[in-house]
Amino acid sequence: MTGTASENAKQRYAASLMNAFGPPKLVLARGEGAYVWDVDGNRYLDLLGGIAVNALGHAHPALVGAVNDQLSTLGHVSNFFATEPQIALAERLLEMVSSRLGGVAGKGLGGVAGDGLGGVAGDGRVFFANSGTEANEAAFKLTRRTGRTHLVAMEGSFHGRSMGALALTAKAAYREPFEPLPGYVDFVPYGDADALAAAVTDDTAAVVVEPIQGEAGVVIPPPDFLPEARRICTEHGALLWLDEVQTGMGRTGAWLAHSASGVSPDIVTLAKGLAGGIPIGACIATGPSADLLQPGNHGTTFGGNPVAAAAALAVIDTIEKGDLLARAVDVGARLGAGLAERRVTGIRVAGLLIGIDLDADVAAKVVPAAQERGFIVNMCAPNRIRLAPPLILTDEQADLFLSAWPGILDAAYAAGEGARQ
Ligand code: PLP
């Protein structure tokens with residue numbers, strides 16, 4: 001074979017992997033901190049972090065140590081058995097979210113014991129899965145156990161690609177090839193409390209909302225939207241389900257992005273950054289809804305795997321010890337302030353989840369222009385770029401990108417012009 005190591009690997013990829021993702025942009029060999037290297041030895045500052053996953057960057061010693069220790073002690077057991085890391089992680093997550101879980105007392109759910117939605121803080125329970133999609137699938141099934149089937153989701157939403165998660169995902173291009181999807185889902189404009197109030201009825205099992213829409217381009221709803229969603233759900237005895245798969249675990253500078261709203265959801269789903277790159281998902285429910293899934297209703301071979309749980313515990317500890325929530329806020333603000341450029345029409349900063357709007361559909365050109373200069377960024381719409389770097393990103397690394405940013409835009413716009421001619 002001739003060609004570079006990357007070219008050769010890309011050919012082998014094309015010949016051996018399903019074309020579900022299109023051609024890979026890079027073939028990566030290793031990572032350290034906020035940097036990754038491709039198989040040709042080129043270095044890139046990773047400002048995407050495995051799509052909001054690598055909270056501690058790459059090869060963080062705390063994560064590597066926890067995984068190694070657990071794997072060399074007990075790697076997998078199935079859910080016929082329990083393990084200490086699994087229980088400890090569930091307790092830790094409940095502790096983390098307990099001040100946020102427990103909905104306002106409401107009408108109660110059909111068929112569920114209890115005098116209202118959401119219970120006393122700390123009374124939740126966790127179901128562990130292996131991805132965000134699976135965490136949402138568990139939540140979806142949980143809502144069916146209320147005895148109600150109607151769900152309300154948001155326009156612009158993304159909840160995953162299984163048939164259930166897809167049923168809640170708005171994008172027509174993702175949905176239409178796979179219809180019919182599990183039904184009785186209505187979509188309302190994101191952030192529109194009046195539309196939500198009109199859509200939710202006493203037949204509604206749950207309203208599913210991302211506190212910030214990550215895939216849509218870091219779209220932040222008006223501040224009263226989540227409180228209004230809580231009020232509407234409570235009024236109709238529906239569950240408020242917050243999908244924090246992308247926004248949770250410190251990504252926005254808080255453990256959970258909805259914290260600032262003061263709202264207590266009935267269900268929270270987590271994944272992505274939870275174990276810093278080891279596959280995991282979690283569906284957390286409280287009050288009566290925590291008891292909706294009973295033996296035989298749901299399951300998974302790998303969910304709650306001790307290695308994934310140990311990894312998550314290490315991630316949480318490291319974020320705490322390193323004060324990385326504050327770091328996410330500081331370095332996010334630094335990036336946000338420096339990204340304003342002539343062609344930038346909007347910047348939305350939520351810790352280290354950042355959306356950048358451009359005045360033309362050149363995001364597809366920004367990605368390679370950044371890559372050529374040693375930076376990994378993501379296009380989430382034709383005119384939108386998203387950054388979701390590791391929470392360990394330093395000021396110097398942020399500044400490195402900021403100094404390259406005008407040149408990246410110049411190159412992208414020049415390439416965009418070229419493409420139009
Ligand atoms: N929910 C949200 C909000 C997401 O952003 C994603 C992935 O981007 C998912 C669910 C699906 O998660 P996964 O890709 O781990 O299945």
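Here are some short exercises, with worked solutions, on a predicted model.

**Exercise 1. Classify the ring pair of tyrosine 35 and tryptophan 37.**

Start with what you need: a pair of aromatic rings is described by the distance of the centres and the angle of the planes. The structure holds six aromatic pairs. In the one formed by tyrosine 35 and tryptophan 37, the centres are 6.3 Å apart and the planes stand at 50°, so you call the pair tilted. The cut-offs behind that step: planes under 30 degrees apart would be stacked, and over 60 would be edge-to-face. As for the surroundings, tyrosine 35 and tryptophan 37 are both buried.

**Exercise 2. Work out how phenylalanine 401 and tryptophan 405 are arranged in helix 13.**

Step one is the ring geometry. With centres 5.6 Å apart and planes at 40°, the rings of phenylalanine 401 and tryptophan 405 make a tilted pair.

Step two is the backbone. Both residues belong to helix 13 (residues 395-420), and because they are four residues apart, about one helical turn separates them.

Step three is burial, which requires under 20% relative accessible area. Phenylalanine 401 comes out at 0%, so it is buried. Tryptophan 405 also has 0%, so the verdict is buried there too.

Finally, look for further partners: ring pairs join Phe401 and Trp405 with Phe375 in a cluster.

**Exercise 3. Find which tyrosine rings have an arginine over them.**

Take arginine 161 to begin with. Its charged end sits over the ring of tyrosine 174, at 3.8 Å from the ring centre. Now go to arginine 343, which lies over the face of tyrosine 413, 4.4 Å from the centre of that ring.

**Exercise 4. Describe how helix 10 packs with helix 3 and with helix 4.**

Two packed helices are described by the angle between their axes and the distance between the axes.

Helix 3 (residues 61-71) and helix 10 (residues 306-321) have axes that come within 8 Å and cross at roughly 150°. That angle makes helix 3 roughly antiparallel to helix 10, since the cut-off for this label is over 145 degrees. The crossing is right-handed. Among the contacting residues are Ala62, Leu63 and Ala66 of helix 3, and Val307, Ala311 and Thr318 of helix 10.

Now helix 4 (residues 84-98): its axis is 8 Å from that of helix 10, and the angle is about 40°. Helix 4 and helix 10 are therefore oblique. Here the crossing is left-handed. The contact includes Leu89, Arg92 and Met96 of helix 4, plus Leu313, Ile316 and Glu320 of helix 10.

**Exercise 5. Locate methionine 249 and aspartate 323, and decide whether each is buried or exposed.**

Begin with phi. Methionine 249 has a positive value of about 60° although it isn't a glycine. Aspartate 323, another residue other than glycine, has a positive phi near 50°.

Next, place them. Methionine 249 is in the loop between strand 8 (239-243) and strand 9 (267-270), while aspartate 323 is in the loop between helix 10 and helix 11 (324-338).

Then check accessibility. Methionine 249, at 2%, counts as buried. Aspartate 323, at 51%, is exposed.

**Exercise 6. Which peptide bond joining glutamate 179 to its partner is cis, and where is that partner?**

The bond is the one to proline 180, with omega at about 5°. Proline 180 is in the loop between helix 7 (172-175) and strand 6 (185-188).

Terms used: Residues numbered from 1 in each chain as written. Predicted model: local features only at pLDDT ≥ 70, side-chain atom pairs only at ≥ 80, totals over all residues. Heavy atoms only, no water. Phe/Tyr/Trp six-rings, centres within 6.5 Å; stacked < 30°, edge-to-face > 60°. Buried < 20%, exposed > 50% of the residue type's maximum accessible area, 1.4 Å probe, protein only. Helix = DSSP H or I, 4+ residues; strand = E, 2+ residues; numbered from the N terminus. Lys NZ or Arg CZ within 6 Å of the ring centre and 35° of its normal. Axes fitted to C-alpha atoms, helices over the stretch in contact; angles between N-to-C directions. Parallel < 35°, antiparallel > 145°, perpendicular 65-115°, else oblique. Left-handed = near helix turned anticlockwise from the far one by under 90°. Contact = heavy atoms within 4.5 Å.
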